[in-house]
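Work through the exercises below with the sequence and the model open beside you, and try each task before you read its solution.

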Amino acid sequence: MLSTKPSSYLAPLHLLQLLTKTQSLKLTQQTHARVCHLGLHQNPIILTNLINAYSRSKNPLQSQILFNSIELKDACLYNTLINGYVKNNLPHECFDIFNTMCQSVDSFPDEFTFSTLAKLSGEIGDLLAGKWVHGKCVKLGFVTDTVLANSLMSMYGKCDGMQDARKLFDEMPQRTVSSWNIMLSRYVNGENCFPDSQVWEFVKCMLTEGLKPNEFTLSNLLTRSGRFDHGRELHCYIIRNEMNLDVDSGVHLDCCLIDMYSRNNKLSLARLVFDQMRFKNVYVWTAMMSGYLHNGDPQETVHLFCKMRRMSRVEPNEVSLLTLLSASSLIAGLLGVEQIHGLSVKNGFVNHTSLCNSLIDMYSKNGLLTSARKVFDHDCRSKDAVSWGCMISGCGLHGKGQEAVGLYDKMLTSGIKPDAISVVGVLSACSKSGLVEKGLDAYNKAIKVSGFEPTVEICSCVVDLLGRSGQVNEALTFIKAMRLEPGPSVWGALVSASVVHTNYETRVLAYKSLIEIEPENPSNYVSLSNLYASSRKWDFVADVRRTMKERNLRKSPGCSWVTVNSKTHSFLVADKAHPAADKIYEILNELTLVMKRP
DNA sequence: TTAGGGTTAG
């Protein structure tokens, strides 16, 4: 390399292209020095690659300094600089450079520029900016470019503009596999995704156009494979077409396969894919950790995390810590949460929104509301609906209804759109703290002001809110006026209310409704039978018991358990079998008295 | 120099 002739720029060019993969600032600087030494410091191809290498090594400022020193700037140089800012998550700078580019006399924006700006708009979820980019493309006649049209489609897909995306897709003069993949990625996931049959129909249409699925198509389909048979067929297709032989896309696909097998409860097959991989990155390790967590083995999740760091020297990212957090809180409770919190601080991930959200939730559920609030106030800098929802539910869980309502109002004023779970959070907080009016107010605001579609869970909360406060008949009126079909949780809330406020008729009605919608659940029959028995209606008791027999239903007794010093003690109702039963009931009676105290 | 895919939380 060092003996390269000054006239040749190929060697440094190849080196720079390699550097974009290594993302090393030091090597980029060394090559930059060599480029200057060889007198290539104004060569446009070398400069483009240098700017790219600096951006890839997470130094967009270096790219900008270099860019400023260039005498003649062509569109390619501008585009590379803008792209660097996109990759480094600095959206404002991109539009600033675009404006400078428009004012320059040497270069004009081209399809590459607009394609990058479309991608940027999609990534920041700015539909207005995206539409502006689209308008400019139409005006300048670039829209027939396939890659640019694909970028615009992708932007619409990310900004809730699926109708516009589809319009572009349908009107494209020529579609590539990427065009289909971009649409497919929206159809397999997200709020308005297709049902399975339509997803397959869409892929069939792609095949009839003579296009062959590639690794992107397969990974899209794998994320959707809820059915094991489909997933296995896709795995066979990957092997038959040797798609997993390429290092980059092979790792990607194996990661999807691990996830697919885990979601279908085939953990041993997921592990087989994992063990056969020669190169494993943090995504792969995390997918496997998550597989164990969701298949009920949090110990193995923690074990894999340790193996990843100690044996494979792979550094964790925010998601691996998040997965570890869920696993270790199941094993070690609060101790696990605090340790991972420490590890997150050490690794510089403490401001990551999802991680903060989990910490808030875990601290709340483990009794440390103040720690949860500290994370919420100080660490969680970019709060989303989940962050607010976790904190609101946490307050509700600790009986702090007023605080939950205050947070909910603050969330609305900060411009965060509440989702169904945060509405449930504030309603249940009000319900538990007896704040009926505030709860109803929050409900009405969500439905009437924000145009929220009530979910069954939200309706259950309203029934609970009214019922708990003694307004059992009002709760029943609410159920009758519901537009949705009332589910078990709605009638269940009415049962609780009518038990507490001893409303016999409503309780019978609620049990009967539950039997109707859950005919296989023996609990509802037993509860109804017991209720009849308590008022000596023996004929009715016999009727219910007969129906249970006819339907071959048996109720297994309810059981609770507690683990102390690794030994699990289990209890049935009115159980006196435990050696310390007398002491246990003594404490239970004391606690009951405390709970009943006004 | 432009587009599309993987692990995560309430």
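A residue is called buried when its relative accessible area is under 20%. The model used throughout is a predicted one.

**Exercise 1.** Determine how many disulfides there are, and examine C390 and C430 as test cases.

Solution. Begin with the cut-off, which asks for a pair of cysteine sulfur atoms within 2.5 Å; by this rule the count comes to zero disulfides. For C390, the nearest cysteine sulfur belongs to C380 and is 8.8 Å away, so that C390 is in no disulfide. Turning to C430, its closest cysteine sulfur is in C461 at 9.8 Å, which is too far for a bond. Finally, consider accessibility: C390 counts as buried because its relative accessibility is 13%, and C430 counts as buried at 0%.

**Exercise 2.** Check the span of helix α29 against its number of residues, and then describe what surrounds its buried residues.

Solution. Helix α29 runs over residues 488-500 and has 13 residues, which at 1.5 Å a residue should span 18 Å; the end C-alpha atoms lie 18 Å apart, in agreement with that expectation. Next, list the buried residues of α29, which are V490, W491, A493, L494, V495, A497 and S498. Their cover includes α27 (456-468), α28 (472-481) and α30 (504-517). Just after α29, T502 has a positive phi of about 35 degrees.

**Exercise 3.** Locate L591 and decide whether it is buried, partly exposed or exposed.

Solution. L591 is part of helix α33, residues 581-596. Its relative accessibility is 47%, and therefore L591 counts as partly exposed. Together with I587 and M595, L591 makes a nonpolar surface patch of about 320 Å².

Terms used. Residues are numbered from 1 along each chain as its sequence is written. Chains are lettered from A and ligands numbered from 1 in the order in which they are written. This is a predicted model: local features need pLDDT of at least 70, side-chain atom pairs count only at pLDDT 80 or more; totals for chains, interfaces and linings use all residues. Side-chain values use heavy atoms; hydrogens and water are left out. Buried means under 20% relative accessible area, exposed over 50%, partly exposed in between (1.4 Å probe, protein chains only). Patches are made of residues with over 30% relative accessible area and no salt bridge: like charges are joined within 9 Å, nonpolar side chains (Val, Leu, Ile, Met, Phe, Trp, Tyr) within 5 Å. Accessible areas come from the Shrake-Rupley method with a 1.4 Å probe; for residues, only the protein chains shown count as cover. A salt bridge is a side-chain nitrogen of Lys or Arg within 4 Å of a carboxyl oxygen of Asp or Glu. Helices (H or I, at least four residues) and strands (E, at least two) are DSSP runs, numbered from the N terminus. The expected span of a helix is 1.5 Å times one less than its number of residues. Contact means heavy atoms within 4.5 Å.
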